[in-house]
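Thank you all for making time this morning. I would like to walk you through one structure, slowly, and I will start in the middle of it and work outwards.

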Amino acid sequence: GAGGGSTGQGGMGQGGEGTGGNKTAAQCFKDTYWAVQPKYDQFKPVIGSHCLGTNHQDISGIERVVFLGDSITEGTFPTPAQSVYRQLLSKKLEAKFPGVQIDECAVNGARVKDFLSGDNQIAKCFPGPEPKKTLVIMTMGGNDVVRWAEKKTPQAEALKDADAIAATFREAIEWFYKDKAQFPKGVNVVFSNVYEYTDGTGDLSSCVGAQVIGLGGNYFEGAPVLSYLNEQYMRIAVETGTDMLFMLENF
């Protein structure tokens, strides 16, 4: 997780690496090629010197870890089950927090709406008050975005959808903090931003495997919209005091 000084919604920490240990997005990605690089620094996030994500929370004393999300978290063929990121991270978390309980409610093909409706991932993993100090780790949004590419959605329409996705995502994040009785010992939330494989060029044919799910050709209009959506994810991380990992940039 990202280290830091906030313990939940509405607070900004000083960063788990201490004074002087943080960077800006501009510093982290100055040598990275992106056709339309998201402008994260406008929200003044605290980014760790590792450049892997923000550094807003002090994540310690975790007793339960819950994974939510889509196929990135659930894992898909041909990656062996023991090699998906969730399993690799679980081993590290078990070493860091001995005796930790680890649960997973992710669903292949899930969309942002499936946090609080549809698959109801949050309700399934948290049917009542959680007595253990909890860390929630989430990946979500890729299946919302892929629909733009499938339909070659016009930019103005995709932008409206991006606002709706971000609003639903924020609602899911805020659920964890709206009732302190739900997590009496506290909860930390870490989520990734939304990745795509064209490096912002919109060249859907740049990955041969994408043809399997029907993607191909060009979708130039989508690149700035995805950057905008990821900027909204960063805004959510800053304003709720949670943490965002740079999956887009590190993919």
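Let me begin with strand 3, which pairs with strand 4, residues 101-104, in the parallel sense over four bridges. Within that pairing, phenylalanine 67 stands opposite glutamate 104 in strand 4. Strand 3 is also joined to strand 5 by six bridges, and these two strands run parallel as well; there, arginine 64 stands opposite threonine 134 in strand 5. Before going further, I should say that this is a predicted model, so please keep that in mind throughout.

How many of the residues of strand 3 are buried? Six of its six residues are, so the strand is mostly covered, where buried means under 20% relative accessible area. The cover is found on both faces, with Arg64, Val66 and Leu68 buried on one side and Val65, Phe67 and Gly69 buried on the other.

Those two faces lead us to the nonpolar cores. The largest of them has 54 residues, and the ones with the most contacts inside it are Leu68, Met138, Phe169 and Phe176. The elements that give two or more residues to this core are helix 1 (25-28), strand 3, helix 4, strand 5, helix 5 (142-151), helix 6, strand 6 and helix 7 (222-240). Of these, helix 6 supplies the largest share, namely ten residues. If you look at phenylalanine 176 and leave out residues up to four places away in sequence, you will find that its side of the picture includes contacts with Leu68, Ile122, Phe126, Val136, Met138, Phe183, Val187 and Val189. Apart from the largest core lies another one, of ten residues, among them Val65, Phe67, Leu135 and Val190.

Now let me turn from nonpolar side chains to charged ones. As a general matter, side chains of opposite charge can pair when their charged atoms come close. In this chain the count comes to nine salt bridges, and I have picked three of them.

The first one I picked brings us back to strand 3, for the side chains of glutamate 130 and arginine 64 meet in a salt bridge at 2.6 Å, N to O. This pair links distant parts of the chain, since glutamate 130 is in the loop between helix 4 (121-125) and strand 5 (134-139), while arginine 64 is in strand 3, 66 residues apart. Are these two partners buried or exposed? Glutamate 130 has 10% relative accessibility and counts as buried, and arginine 64, at 7%, counts as buried too.

Next comes glutamate 63, which forms a salt bridge with lysine 185, with the closest N and O atoms 2.9 Å apart. Glutamate 63 lies in the loop between strand 2 (47-48) and strand 3 (64-69), and lysine 185 in the loop between helix 6 (155-178) and strand 6 (187-192), so the pair ties together parts that are 122 residues apart in sequence. Here glutamate 63 is partly exposed at 28% relative accessibility, and lysine 185 is partly exposed with 47%.

My last example sits within helix 6, where glutamate 174 and arginine 170 meet in a salt bridge of 3.8 Å, N to O. Because they are four residues apart in that helix, they are separated by about one helical turn. Both residues also belong to a network of salt bridges that links Arg170, Glu174, Arg235 and Glu239.

One residue in a loop deserves a brief stop. Aspartate 199 lies between strand 6 and helix 7, and is partly exposed, with a relative accessible area of 35%. Leaving aside neighbours within four places in sequence, aspartate 199 is in contact with Tyr33, Trp34 and Ala35.

Finally, let us step back to the whole chain, which has eight helices and seven strands. For 251 residues, a compact globule would have a radius of gyration near 18 Å, and the chain has 18 Å, which agrees. Its C-alpha trace spans about 50 × 40 × 35 Å along the principal axes, and 48% of the residues count as buried. Among contacts between residues at least 6 apart in sequence, 76% join residues at least 24 apart. The chain exposes about 11,700 Å², of which carbon and sulfur atoms supply 53%.

Notes:
Residues are numbered from 1 along each chain as its sequence is written. This is a predicted model: local features need pLDDT of at least 70, side-chain atom pairs count only at pLDDT 80 or more; totals for chains, interfaces and linings use all residues. Side-chain values use heavy atoms; hydrogens and water are left out. A salt bridge is a side-chain nitrogen of Lys or Arg within 4 Å of a carboxyl oxygen of Asp or Glu. Buried means under 20% relative accessible area, exposed over 50%, partly exposed in between (1.4 Å probe, protein chains only). A nonpolar core is a set of buried Ala, Val, Leu, Ile, Met, Phe, Trp, Tyr and Cys residues joined through side-chain atoms within 4.5 Å. Contact means heavy atoms within 4.5 Å. Two strands pair if DSSP finds at least two bridges between them. The radius of gyration is taken over C-alpha atoms; the globule rule is 2.2 Å times the number of residues to the power 0.38. Accessible areas come from the Shrake-Rupley method with a 1.4 Å probe; for residues, only the protein chains shown count as cover.
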